[in-house]
Amino acid sequence: MSSKLHAYRALLLTHLRSHQPNSHLRLLHHGPDTVEELLDRHVVKKERSLDDDENELLTRQRLTSTRREALSLYRDIIRASRFFMWPDSRGVLWRDVLRENARKEFEEARFEKDPEIITRLLIGGRDAVQAALDKLVEKQKQQIEKERNDSTRPR
């Protein structure tokens, strides 16, 4: 759980820094020291103009970072799908269904440019993978407990 929290915090920090490249980030629990600092942080300021080279470099860095995150998420989905080895009602393995759906979702979001939407998709994907694995573990624990109870019960 702690590593998941650190991963989301790192993703959030990367996202926030990509929108304000030269600002120092202070999270809510650190709080502002003065009213001026509070206003300075939350009042929309006119951004300094960047020349085209700097702007392109920042865009590339953001895209590289989100591309890396997306590839990491996709690999994690493929790895997690290995545990779903039973067939659905049509006789197709859930592993294959999950992989096909993941591929379709990633293809649909392939050309998304809005960093906020990309971040939402990445966080939502991570949450979905973690929830699926948590449910799988819970069901396996229940199955093991059921088998133990059946084996200890006299016949």
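## Salt bridges and surface of an all-helical chain

Arginine 79 has a relative accessibility of 41% and therefore counts as partly exposed. The structure discussed here is a predicted model. The salt-bridge partner of arginine 79 is aspartate 76, with 2.7 Å between the closest N and O atoms. Aspartate 76 is also partly exposed, at 25% relative accessibility; the class begins where burial ends, at 20% relative accessible area. Arginine 79 and aspartate 76 both belong to helix α3 and stand 3 residues apart, which means that about one helical turn separates them.

**Overall architecture**

The protein chain contains 5 helices and 0 strands. Read from the N terminus, its elements follow the order α-α-α-α-α. Of the 155 residues, 15% are buried. When contacts between residues at least 6 apart in sequence are considered, 56% of them link residues at least 24 apart. The chain exposes about 12900 Å², and carbon and sulfur atoms account for 55% of this area.

**Charged pairs**

Side chains of opposite charge can pair when their charged atoms come close. In this model, the count of salt bridges comes to 7. The table lists some of them.

| Salt bridge | Closest N to O distance |
|---|---|
| Arginine 79 and aspartate 76 | 2.7 Å |
| Glutamate 107 and arginine 103 | 3.0 Å |
| Glutamate 107 and arginine 110 | 3.2 Å |

Glutamate 107 takes part in a salt bridge with arginine 103 and in another with arginine 110. What is the spacing of glutamate 107 and arginine 103 in helix α4? These two residues are 4 residues apart, about one turn of the helix. Glutamate 107 has a relative accessible area of 34% and is therefore partly exposed. Arginine 103, at 43% relative accessibility, is likewise classed as partly exposed. Is arginine 110 buried or exposed? Its relative accessible area is 53%, so arginine 110 is exposed, the threshold for that class being over 50%. Elsewhere, salt bridges with shared partners connect Asp76, Arg79 and Arg126 in one network.

**A nonpolar surface patch**

The surface also carries a nonpolar patch formed by Trp86, Trp94 and Leu98, whose accessible area together is about 260 Å². Where is tryptophan 86 found? Tryptophan 86 lies in the loop between α3 (52-81) and α4 (94-108). At 39% relative accessibility, tryptophan 86 is partly exposed; this value satisfies the patch criterion of over 30% relative accessible area.

Technical notes: Residues numbered from 1 in each chain as written. Predicted model: local features only at pLDDT ≥ 70, side-chain atom pairs only at ≥ 80, totals over all residues. Heavy atoms only, no water. Buried < 20%, exposed > 50% of the residue type's maximum accessible area, 1.4 Å probe, protein only. Contact = heavy atoms within 4.5 Å. Areas by Shrake-Rupley, 256 points an atom, 1.4 Å probe, with all protein chains shown as cover. Patch = residues over 30% accessible without salt bridge, like charges linked within 9 Å, V, L, I, M, F, W, Y side chains within 5 Å. Salt bridge = Lys/Arg side-chain N within 4 Å of Asp/Glu carboxyl O.
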